[in-house]
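These are my notebook entries on a single chain, kept in the order in which I looked things up. The entries begin directly below the structure.

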Amino acid sequence: AFPETGAVLPHSRAKDLADIFALIELNSNPVIDASALRLGDEGVAKVALFITRRELFRIPTVLRDLDLSGNGCGAGAARELAEFLRTNRVLTRLVLSYNELGNEGIA
């Protein structure tokens with residue numbers, strides 16, 4: 001289980017991508033719950049790209065646990081997340097349940 005050292009993003013505050021980006025920028029929460037926001041492929045891909053860019057510029061992050069379940073993302077987002085995970089060395093838990101990844105997105 002993930003240690004309870006960080007705050008889980010309450011659904012009431014997770015209104016859009018800007019809130020997620022702001023929490024990542026604050027770099028104080030190792031756990032971000034961005035579930036059920038219906039971000040879709042584009043939104044989930046933007047989250048992955050945002051984190052990847054921070055890593056490319058060697059901006060440290062404490063983010064260890066990211067919940068993107070129930071965001072209505074499919075194979076397109078899965079491809080972007082796969083690229084993100086190839087370079088990410090910090091994230092230890094990524095939740096993608098209740099999305100429409102399909103066989104293509106899982107492969």
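**Entry 1. Helix H2.** I listed the buried residues of H2 in this predicted model. They are Gly40, Gly43, Val44, Ala45, Val47, Ala48, Phe50, Ile51, Thr52 and Arg54. I then looked up what covers them and found that the cover includes H1, strand E2 (65-67) and H3. H2 has 17 residues, and its first and last C-alpha atoms are 24 Å apart, close to the 24 Å expected at 1.5 Å a residue. After H2 comes Arg58, whose phi is positive, near 55 degrees.

**Entry 2. Chain overview.** I recorded four helices and three strands. Read from the N terminus, the order of elements is α-β-α-β-α-β-α. The chain has 107 residues, of which 47% are buried. Of the contacts with a separation of 6 or more, 82% join residues 24 or more positions apart.

**Entry 3. Nonpolar core.** I asked which residues have the most contacts inside the largest nonpolar core. They are Ile20, Leu39 and Val47, in a core of 24 residues. Helix H1 (17-26), helix H2 (40-56) and helix H3 (75-87) each supply at least two residues of this core. As background, I noted that nonpolar side chains tend to be buried together in soluble globular proteins. I followed Leu39 further, setting aside its neighbours within four places in sequence: Leu39 is in contact with Leu17, Ile20, Val44, Val47, Leu68 and Asn71.

**Entry 4. Aromatic pair.** My search of the whole structure for aromatic pairs returned one. The ring centres of Phe21 and Phe50 are 4.3 Å apart and the ring planes meet at 15 degrees, so I entered the pair as stacked; the cut-off for that class is under 30 degrees. Phe21 belongs to helix H1 and Phe50 to helix H2, 29 residues apart, and the pair thus links distant parts of the chain. Are these two residues buried or exposed? Both Phe21 and Phe50 are buried.

**Entry 5. Leu96.** I located Leu96 in the loop between strand E3 (93-95) and helix H4 (102-106). Its relative accessible area is 23%, so I classed Leu96 as partly exposed; buried would require under 20%. Not counting residues up to four places away in sequence, Leu96 touches Leu68, Ser69, Leu81 and Leu101. I also checked Leu96 against Asp67: the two are 29 residues apart in sequence, with C-alpha atoms 6.8 Å apart in space.

**Entry 6. Positive phi in two loops.** Asn27 is not a glycine, yet I read a positive phi of about 55 degrees for it. Asn27 sits in the loop between H1 and strand E1 (31-33), and I counted it as partly exposed because its relative accessibility is 25%. Arg38, also a residue other than glycine, has a positive phi near 55 degrees. I placed Arg38 in the loop between E1 and H2. With a relative accessible area of 57%, Arg38 is exposed.

**Entry 7. Cavity.** How many cavities of 30 Å³ or more does the structure hold? I found one. The largest cavity has a volume of about 30 Å³. I listed its lining as Leu23, Ile24, Asn27, Ser28, Asn29, Ile32, Thr61, Val62 and Leu63. Asn27 thus appears twice in these notes, as a lining residue and as a residue with positive phi.

Definitions and conventions: Residues numbered from 1 in each chain as written. Predicted model: local features only at pLDDT ≥ 70, side-chain atom pairs only at ≥ 80, totals over all residues. Heavy atoms only, no water. Core = buried A, V, L, I, M, F, W, Y, C linked by side-chain atoms within 4.5 Å. Buried < 20%, exposed > 50% of the residue type's maximum accessible area, 1.4 Å probe, protein only. Contact = heavy atoms within 4.5 Å. Phe/Tyr/Trp six-rings, centres within 6.5 Å; stacked < 30°, edge-to-face > 60°. Expected span 1.5 Å × (residues − 1). 1 Å grid on protein atoms, 1.4 Å probe; cavity = no way out; pocket = protein on both sides within 12 Å on 5 of 7 lines; lining within 4 Å. Points joined across faces, edges and corners; volume = space filled by probe spheres on them.
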